[in-house]
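Please look over the sequence and the structure shown below before reading the report that follows.

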Amino acid sequence: MDGRQTARIVLLLLGACTLACAQQIKLQAIECPFPEGQSVLSEAECGKYTACEWTDGRCHMVNNGLGGYVVDGDPQDTARGFKVSLRKSDPTVTMFGQDLNNLIFEVIYHENYHIQIKIYSATKARYEVPVPLILPEAASNDTGFSVGVAANGDSFHFNVTRASNGNVVFRTAGPLTFEDQFIQIHTWLASSYLYGFGESTHVNFRHTFEPRSTFPIFARDQVVGTEPMNEYGHHPYYMVMEDDEGNSHSVLLYNSNAMGKGAVIIILLFPFSFSSNRSLSLCTLFCLTNLMLWVKK
């Protein structure tokens with residue numbers, strides 16, 4: 001990684017205050033993923049999970065500073081990007097009591113439109129399926145995006161921004177949940193023009209946000225139907241049209257576990273009644289978070 005890339009990281013860290021301010025928006029829209037679901041609207045049920053909070057009849061995640069992770073050190077250069085150490089803000093604030101207290105957030109540059117973001121345990125190696133990927137031998141020096149991460153000692157959050165016009169294509173919201181058998185990450189969306197996720201039955205090609213939608217992606221060997229159901233394939237991939245200029249990006253949740261019978265990925269689409277923003281939560285079982293982002297220049 002050259003000095004220009006290091007300088008880019010430093011400059012992005014200076015903008016962490018702006019991103020941190022956005023994290024203070026109320027989290028009522030980020031539902032707590034307890035097993036019983038939101039149909040059990042009980043303050044007592046919500047209170048069983050220290051990572052959850054009851055507000056105005058809804059059980060939602062606590063704020064990022066309390067329930068998430070803290071950046072524990074400055075970014076370290078790697079051969080193809082950089083990585084940052086994370087530690088759990090408060091180990092007693094948990095969903096299921098199996099949080100990993102120390103993580104690594106790693107950014108890996110590929111082509112000038114392709115970036116990989118991994119979050120994994122800092123102390124325990126996890127099995128990653130050795131699926132061959134066609135990737136360049138060296139990272140591009142002319143990327144069409146920039147990556148910002150919180151400064152040392154701040155609550156962890158990150159964003160990916162299109163270099164040409166400043167469009168934020170991925171920006172985390174709320175706390176990261178990273179347990180031994182459950183992972184959840186939230187992101188704001190650049191617009192409401194969201195497509196993808198399969199195979200599950202969709203009413204429309206373009207997803208809607210009202211009412212809230214949940215898409216369990218769990219492959220099953222059965223024919224395609226018209227009712228809500230899990231189907232034959234497994235495609236945890238989405239695309240967002242960002243603006244009227246035709247800019248778009250796409251994201252693949254490339255999980256290291258088997259993504260058919262062995263793991264469940266749940267997609268939650270959240271509308272915000274107090275703003276025009278839309279939020280997306282990605283949940284998966286086991287292993288690590290591995291996001292592939294494509295941002296065409």
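## A surface residue and the buried cores

In this predicted model, Val 129 counts as partly exposed because its relative accessibility is 35%, a value that lies between the limit of under 20% for buried residues and that of over 50% for exposed ones. Val 129 is placed in the loop between β7 (114–121) and β8 (145–149). Together with Tyr 127, Val 131, Leu 133 and Leu 135, Val 129 makes a nonpolar surface patch of about 430 Å².

Turning from the surface to the interior, the largest nonpolar core is made of 41 residues, and the residues that have the most contacts inside this core are Phe 105, Phe 156, Phe 158, Val 160, Phe 178 and Tyr 238. Strand β6, which covers residues 102–109, gives this core its largest share, namely 4 residues. There is also a second core, separate from the largest one, whose 14 residues include Cys 46, Cys 52, Met 61 and Met 95.

The two cores can be set side by side as follows.

| Core | Size | Residues, among them |
|---|---|---|
| Largest nonpolar core | 41 residues | Phe 105, Phe 156 and Tyr 238 |
| Second, separate core | 14 residues | Cys 46, Cys 52 and Met 61 |

For the protein chain as a whole, there are 4 helices and 19 strands, and 50% of the 297 residues are buried. Of the contacts in the protein chain with a separation of 6 or more, 63% are between residues that are 24 or more positions apart. The accessible surface of the protein chain comes to about 13,700 Å², and carbon and sulfur atoms account for 54% of this surface.

Definitions and conventions
Residues numbered from 1 in each chain as written. Predicted model: local features only at pLDDT ≥ 70, side-chain atom pairs only at ≥ 80, totals over all residues. Heavy atoms only, no water. Core = buried A, V, L, I, M, F, W, Y, C linked by side-chain atoms within 4.5 Å. Buried < 20%, exposed > 50% of the residue type's maximum accessible area, 1.4 Å probe, protein only. Helix = DSSP H or I, 4+ residues; strand = E, 2+ residues; numbered from the N terminus. Patch = residues over 30% accessible without salt bridge, like charges linked within 9 Å, V, L, I, M, F, W, Y side chains within 5 Å. Areas by Shrake-Rupley, 256 points an atom, 1.4 Å probe, with all protein chains shown as cover. Salt bridge = Lys/Arg side-chain N within 4 Å of Asp/Glu carboxyl O. Contact = heavy atoms within 4.5 Å.
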